[in-house]
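Notebook open, coffee ready. I want to look up charges, rings and a few odd backbone spots, and write down what I find.

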Amino acid sequence: MDWRLQGSTQKVESPVLQGEEGILEETGEDGLPEGFQLLQIDAEGECQEGETLATGSTAWCSKNVQRKQRHWEKIVAAKKSKRKQEKERRKANRAENPGICPQHSKRFLRALTKEKLLEAKHSGPRLCIDLSMTHHMSKKELSRLAGQIRRLYGSNKKADRPFWICLTGFTIDSPLYEECVRMNDGFSSYLLDIKEEDCFSLFPLETLVYLTPDSEHALEDVDLNKVYILGGLVDESIQKKVTFQKAWEYSVKTARLPIQEYMVRNQNGKNYHSEILAINQVFDILSTYLETRNWPEALKKGVTSGKGYILRNSVE
């Protein structure tokens, strides 16, 4: 190995004292004594001079670093080329199909969804989820209800004409709120209202329509001036007329989905037939009807085959 002293051999007087004798030392161009200059080991083949880093500065680096640098530059160049090709492809598609709307960015779609939701808040339609009956529900039932709220909100965001959602009788210190935050990413930033008061004190009673399968009246239309209420209740024991009884206590109008008018019971091995739907299934029916004004099509969207019902025109 070749040991070399860095720095120049230019001699200048320095007031550096060694011990008590005050002997002057020789210094280099940087003003430091030559005795303090760093020693460098020349290892042949390990480093090469003049290699340019990504920052553009000249530095010492090993062959392994050079190889990694070249590999990274190839990756960056390939990504740039791919983006350029994709841009040219989209441009060509727009030229060939001028009538087709171009794909929008995620930021634009989020802004559009927010605009539609806020418009529904002021002009309707409005949907209220009554969560005042959850204190008797088990942990499993709360988890199922939190999942239904997530699916309902997801469907509402995708709708061309969304509802404005209001969760009533809902407190942030409740077990259901904790479950919603645990299961639903970004739940705290959902575009909806969360109210501790119940729906009967938030809206004029004459504008409320409580949707319950126990009602005698079939829902004929969706009125933008009405506030529709869904009971946020997942009860595995299926207690009957819970939501109907609550609406009756406040003298609020009730309605049921027109399942009996447009669907018939389908024979199945379990002989099971039920008109009780999850809140996200009821919402899918209301949302589809609002867009199509067609009850058979809307009911087909939300009433699954497992409920034991099929459309009348499906019967052979």
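Here are my entries, topic by topic.

**Ground rules**

I'm working with a predicted model, where local features need pLDDT of at least 70 and side-chain atom pairs count only at pLDDT 80 or more, while totals for chains, interfaces and linings use all residues. Residues are numbered from 1 along each chain as its sequence is written, and side-chain values use heavy atoms, with hydrogens and water left out.

**Salt bridges**

I began with the charged pairs. Side chains of opposite charge can pair when their charged atoms come close. My cut-off for a salt bridge is a side-chain nitrogen of Lys or Arg within 4 Å of a carboxyl oxygen of Asp or Glu. How many salt bridges does a search of the whole structure find? I got seven.

One of these joins D130 to K246, with N and O 3.0 Å apart. D130 sits in strand β5 (residues 126-130) and K246 in helix α6 (residues 242-249), so this pair ties together parts that are 116 residues apart in sequence. For helices and strands I use DSSP runs numbered from the N terminus (helices: H or I, at least four residues; strands: E, at least two).

Next I asked whether D130 is buried or exposed. My scale is buried for under 20% relative accessible area, exposed for over 50%, and partly exposed in between (1.4 Å probe, protein chains only). D130 has a relative accessible area of 0%, so I noted it as buried. K246 is buried too, at 14%.

Then I looked at E179 and K139, a salt bridge whose closest N and O atoms are 2.9 Å apart. E179 belongs to helix α4 and K139 to helix α3 (residues 139-158), so the pair ties together parts 40 residues apart in sequence. E179 is buried at 2% relative accessibility, whereas K139 is exposed at 56%. Which residues are linked with K139 in a network of salt bridges? They are E179 and R182.

I also wrote down R256 and E261, another salt bridge, with 3.0 Å between the closest N and O atoms. R256 is buried, with 8% relative accessible area, and E261 is partly exposed, with 37%.

**A negative patch**

Which residues form a negative surface patch? I found D173, E178, E196 and E197. Patch members have over 30% relative accessible area and no salt bridge, and like charges are joined within 9 Å. Asp and Glu count as negative, Lys and Arg as positive, and His and the chain ends are not counted. The place of a charge is CG of Asp, CD of Glu, NZ of Lys or CZ of Arg. Areas come from the Shrake-Rupley method with a 1.4 Å probe.

I looked up D173 in this patch: it is in the loop between β6 (164-168) and α4 (175-183). D173 counts as exposed, at 60% relative accessibility.

**Aromatic rings**

Rings of Phe, Tyr and Trp (its six-membered ring) pair if their centres lie within 6.5 Å; planes under 30 degrees apart are stacked, over 60 edge-to-face, and the rest tilted. By that rule I have nine aromatic pairs.

F170 and F187 make an edge-to-face pair, with 6.4 Å between centres and 80 degrees between planes. F170 is in the loop between β6 and α4, F187 in the loop between α4 and β7 (193-194), and they are 17 residues apart. F170 is buried at 2%, and F187 is buried at 3%.

Why do I call F200 and Y250 stacked? Their ring centres are 4.0 Å apart and their planes are at 5 degrees, so the rule fits. F200 is in helix α5 (residues 199-202) and Y250 in the loop between α6 and β10 (253-255), 50 residues apart. F200 is buried at 7%, while Y250 is partly exposed at 34%.

I also noted a cluster in which ring pairs link Y153, F170, Y177, F187 and Y190.

**Backbone notes**

S251 isn't glycine, yet its phi is positive, near 55 degrees. S251 sits in the loop between α6 and β10 and is exposed at 65%. R293 isn't glycine either and has a positive phi of about 55 degrees. R293 lies in the loop between α8 (279-292) and α9, and is partly exposed at 41%.

My last entry is K301, in helix α9 (residues 295-302). K301 is 16 residues from I285 in sequence, with 6.0 Å between their C-alpha atoms.

Note on methods
Patches are made of residues with over 30% relative accessible area and no salt bridge: like charges are joined within 9 Å, nonpolar side chains (Val, Leu, Ile, Met, Phe, Trp, Tyr) within 5 Å.
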